[in-house]
Amino acid sequence: MVRKGERAMALIFDDPKLRNRQYVFLDRTEAGKKLGQMLLTLKDESPLVLAIPAGGVPVGLEVARALEAPLDLIIIRKLPVPGNPEAGFGAITMEGDLFLNQDLVARLRLDPGTIQQIAQEVKEELRRRDELFRKGRPFPNLTGKTVVLVDDGLASSYTMLAAANMVRRKGASRIIVAVPTASLSSIGRLASVVDEIYCPNIREGPFFAVADAYRHWFDLSYQDVLTQLEGYPNHEF
């Protein structure tokens, strides 16, 4: 039973045949096509697809094509761990909202000054990405909209948590998370703040890497992102 003032837990849709398996997608494009087919029931809601660059862009493009939906980007980044930039201890939005993995912050003994310095550096990078990818245009009006948030996978989910909270604050009526792969713990972390989660490849266990879902994996350059966006006529910018 959901108490007054509480949110119901998200409905979760996965593919049991892909549970706990690795290398199930050729690449992000194939994964996006799989997601798009899972999301077809949303077509009648005229959703807006928001992809998190860089890796979420090829996935989001295929989802938007399947739904015949407009596509925009939501510029959010993880806060890199000092000395290990591939790992993150939280995420920050364009508007400066911080979402911290408090347990990891405590284990790393990160003081508020260090966190603030890293956050400021990442926020400057967000501004550069917004200018490059979105030309600095105003964020779309989300009031009353169904929003589909897309990335290429969720390891810790803090970046997606930041995205979900941002679009909820901006008036989205329904928030759908769509990712090809995710750790079970990240799904659980998101389930209380969004309405539905679509993730064909959910994996359990102490070790998780988004790349392990893909047979062909590489980091996307800024030019890769721009080239892919140019090929989709129904983007919002």
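These are my notebook entries on the fold and on one helix of this protein.

**Overall fold.** I am working from a predicted model. I looked up the secondary structure and found eleven strands and seven helices. Next came the radius of gyration: it is 17 Å, close to the 18 Å that the globule rule gives for 237 residues, so the protein is as compact as a globular protein of that length. Along the principal axes, the C-alpha atoms fill a box of roughly 45 × 45 × 40 Å.

**Burial and contacts.** I checked how much is tucked away: 48% of the 237 residues count as buried. I then took the contacts between residues at least 6 apart in sequence, and 68% of them join residues at least 24 apart.

**Surface and charge.** The protein exposes about 11400 Å², with carbon and sulfur atoms supplying 51% of that area. I also looked up the charges: there are 30 positive and 30 negative ones, and their mean positions lie 3 Å apart.

**Helix 4.** I picked helix 4, residues 112-134, for a length check. Its 23 residues should span 33 Å at 1.5 Å a residue, and the end C-alpha atoms are 31 Å apart, which agrees.

I wanted to know which residues of helix 4 are buried. The apolar names I noted include Ile115, Ile118, Ala119, Val122, Leu126 and Phe133. Lys123, Glu125, Arg129, Asp130 and Arg134 are also among the buried residues. A reminder to myself: an α-helix has 3.6 residues a turn, so residues three or four places apart point the same way.

Last, I looked up what the buried residues of helix 4 pack against. The partners include strand 3 (71-73), strand 4 (76-81), strand 5 (84-93) and strand 6 (98-100). Helix 3 (102-108) and helix 7 (222-230) are partners too.

Technical notes: Residues numbered from 1 in each chain as written. Predicted model: local features only at pLDDT ≥ 70, side-chain atom pairs only at ≥ 80, totals over all residues. Heavy atoms only, no water. Helix = DSSP H or I, 4+ residues; strand = E, 2+ residues; numbered from the N terminus. Rg over C-alpha atoms; globule rule 2.2 N^0.38 Å. Buried < 20%, exposed > 50% of the residue type's maximum accessible area, 1.4 Å probe, protein only. Contact = heavy atoms within 4.5 Å. Areas by Shrake-Rupley, 256 points an atom, 1.4 Å probe, with all protein chains shown as cover. Lys, Arg positive; Asp, Glu negative; His and termini not counted. Charge placed at Lys NZ, Arg CZ, Asp CG, Glu CD. Expected span 1.5 Å × (residues − 1).
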